[in-house]
Amino acid sequence: MSTTTAVDLRDAGKKLSAADHAGTIRSFYPFWDVQYRPFLNLAVEALPVERFDFKPRPEMMTARQVVLHIAEVDRWWIDHIVEGKPYVDYVVSHADPAQGFTDAYDAPDDASLIALLAECHLAPQRWLEHPAAELGRVIQFQPEKGPERRYTLHWILDHLQEHDIHHRAQLNLYLRLMGVTPPSI
């Protein structure tokens, strides 16, 4: 378990700005690794192992699947779309859509989920130290079906940061529905 508190994270973040990372992509994302991700980790740590398979409705992702999805999306966008590497799903659609999803990755406890989040977040982190001029780089992607798509690196990184925050909020809602007080953000 982490000994870092929400107050510690907020206090550390209050001292940061884009100026701390001038000229790098990280200057656009100074809080991602010092606040957003650590607060996500606190939510994962608050998740009782016996409630990993909780979901409010049958067609939704379980709490564990929400975390697996955050990790897989980091890898999908950066490793696969930006860098062209192979991709593996961590959560897949259930054969019966009314049942939602199935785990495709074994994560039996919060430590394994946090380790996976950290490992998969290395992909976006690699880009944060690149020069800010790289943000305008256009990434072309040809899906198996449909027209070619184009994204700027800036849009992809913004999407990933927003994705983290969105699903962290979802996980915090799940905690409340379980009767667990989520960590303060």
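Here is a quick look at how four helices of this chain pack, plus one aromatic pair. Keep in mind that the model is predicted.

**Helix H5**

Start with H5, which covers residues 153–178. With 26 residues at 1.5 Å each, H5 should span 38 Å, and its end C-alpha atoms sit 37 Å apart, so the two values agree. Right after H5 comes Gly179, with a positive phi of about 90°.

**How the helices pack**

Here are the three helix pairs side by side.

| Helix pair | Angle between axes | Axis distance |
|---|---|---|
| H2 and H5 | about 30° | 10 Å |
| H3 and H4 | roughly 25° | within 9 Å |
| H2 and H4 | about 165° | 10 Å |

Take H2 (residues 32–46) against H5 first. An angle of about 30° between the two helices makes H2 roughly parallel to H5, because anything under 35 degrees counts that way. The crossing of H2 past H5 is left-handed. On the H2 side, the residues that touch H5 include Trp32, Tyr36, Phe39, Leu40 and Val44. H5 answers with residues including Leu157, Leu160, Ile165, Leu171 and Leu175. Sorted by class, this contact has twelve nonpolar, three polar and three charged residues.

What does H2 meet in H4? Asp110, Leu113, Ile114, Leu117, His121, Pro124, Gln125 and Leu128 are the H4 residues in this contact. From H2 come Trp32, Asp33, Arg37, Leu40, Asn41, Val44 and Glu45. Trp32, Arg37, Leu40 and Val44 also turn up in the contact with H5. The angle here is about 165°, over the 145 degrees cut-off, and H2 and H4 are therefore roughly antiparallel. Their crossing is right-handed. By class, the H2 contact with H4 has eight nonpolar, three polar and four charged residues.

That leaves H3 (residues 63–82) and H4 (residues 110–128). These two helices are roughly parallel to each other, and they cross in a left-handed way. Among the H3 residues in this contact are Val67, Leu68, Ile70, Ala71 and Ile78, along with Arg64, Asp74 and Asp79. Facing them in H4 are residues including Leu113, Leu116, Leu117, Cys120 and Trp127, plus Glu119 and Arg126. The class count for H3 with H4 is 13 nonpolar, one polar and six charged residues. Leu113, Leu117, His121 and Pro124 of H4 appear here and in the contact with H2 as well.

**An aromatic pair**

The model has nine aromatic pairs. One of them joins Trp77 and Tyr151: the ring centres are 4.9 Å apart and the planes stand at 85°, an edge-to-face arrangement. Where in the chain do Trp77 and Tyr151 sit? Trp77 belongs to H3 and Tyr151 to strand E4 (residues 149–152), so to speak two distant parts of the chain, 74 residues apart.

Conventions. Residues are numbered from 1 along each chain as its sequence is written. This is a predicted model: local features need pLDDT of at least 70, side-chain atom pairs count only at pLDDT 80 or more; totals for chains, interfaces and linings use all residues. Side-chain values use heavy atoms; hydrogens and water are left out. Helices (H or I, at least four residues) and strands (E, at least two) are DSSP runs, numbered from the N terminus. The expected span of a helix is 1.5 Å times one less than its number of residues. Axes are lines fitted to C-alpha atoms, for helices over the stretch in contact, and angles run from 0 to 180 degrees between N-to-C directions. Angles under 35 degrees count as roughly parallel, over 145 as roughly antiparallel, 65 to 115 as roughly perpendicular and the rest as oblique. A crossing is left-handed if the near helix is turned anticlockwise from the far one by less than a right angle, and right-handed if clockwise. Contact means heavy atoms within 4.5 Å. Ala, Val, Leu, Ile, Met, Phe, Trp, Tyr, Cys and Pro count as nonpolar, Asp, Glu, Lys and Arg as charged, and the others, Gly among them, as polar. Rings of Phe, Tyr and Trp (its six-membered ring) pair if their centres lie within 6.5 Å; planes under 30 degrees apart count as stacked, over 60 as edge-to-face and the rest as tilted.
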